[in-house]
Amino acid sequence: MGVITLISTWLIPCFLLVVLFVATWKRVPTYEMFVEGGKDGVKMAFSLLPFLVGMIVAISILRSSGALDAFIQFISPLLIFIGVPPEIIPLAMVRPISGTAALGMTTELIGTHGPDSFIGKLASTMQGSTDTTLYILTIYFGAVGIRKMRYALKVGLLADLVGIIASIIIVTLIFG
């Protein structure tokens, strides 16, 4: 275990030193390139800010308005009939939108039901089997100026749906 800790502690600093030495050897203006990269990073952060604010506002409206709770109440009988706990649906709906909100929901589910409960295991599996598709498309496509997402949104949401369904099936088969 000590070797892995030693490697992980020194790997990045050694890599940075090697890059600096190679750049200096090739007579690249390393400090100027570093400053230029920092400027580009700040510009990128400011260009992403409107997209991030939009996502945060949309998630807040969805949760605060009660629309999410009303939808879950509406489909609860069907979910119970097919063996899906209704408590997991907010996580399934929010996960493609925001990883932070989904992590908060997962933490809340695990805190309420316990990490070894069916819902706790399902929430954990679902968290690891899906991605923040809308967040990724909004941030990365917006950052590079892509306006037509074409098939990326459909394929991303389909992959999330498959991950959610697979999570439910696998957790039910293994822990059901």
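**Surface.** I looked up the exposed area of this predicted model. The protein exposes about 12,100 Å², and I noted that carbon and sulfur atoms supply 74% of that area. I then looked up burial: of the 176 residues in the protein, 28% are buried.

**Charges.** I looked up the charged side chains next. The protein has 11 positive and 9 negative ones. The centres of the two sets lie 13 Å apart.

**Helices and strands.** I went through the secondary structure and found eight helices and zero strands. Read along the sequence, the pattern is α-α-α-α-α-α-α-α.

**Dimensions.** I looked up the box that the C-alpha atoms fill, taken along the principal axes, and it is roughly 70 × 45 × 30 Å. I also looked up the radius of gyration, which is 22 Å for the protein. For a compact globule of 176 residues, I wrote down a value near 16 Å.

**Contacts.** I looked up how far apart in sequence the contacting residues are. Taking contacts between residues at least 6 apart, I found that 64% join residues at least 24 apart.

**One residue.** I picked Thr 133 for a closer look. I placed Thr 133 in helix H7, which covers residues 133-144. Is Thr 133 buried or exposed? Thr 133 has a relative accessible area of 8%, and the cut-off for buried is under 20%, so I entered Thr 133 as buried. Leaving out residues up to four places away in sequence, I listed what Thr 133 touches: Pro 96, Gly 156, Leu 157 and Asp 160.

Key. Residues are numbered from 1 along each chain as its sequence is written. This is a predicted model: local features need pLDDT of at least 70, side-chain atom pairs count only at pLDDT 80 or more; totals for chains, interfaces and linings use all residues. Side-chain values use heavy atoms; hydrogens and water are left out. Helices (H or I, at least four residues) and strands (E, at least two) are DSSP runs, numbered from the N terminus. Buried means under 20% relative accessible area, exposed over 50%, partly exposed in between (1.4 Å probe, protein chains only). Contact means heavy atoms within 4.5 Å. The radius of gyration is taken over C-alpha atoms; the globule rule is 2.2 Å times the number of residues to the power 0.38. Accessible areas come from the Shrake-Rupley method with a 1.4 Å probe; for residues, only the protein chains shown count as cover. Lys and Arg count as positive and Asp and Glu as negative; His and the chain ends are not counted. The place of a charge is taken as NZ of Lys, CZ of Arg, CG of Asp or CD of Glu.
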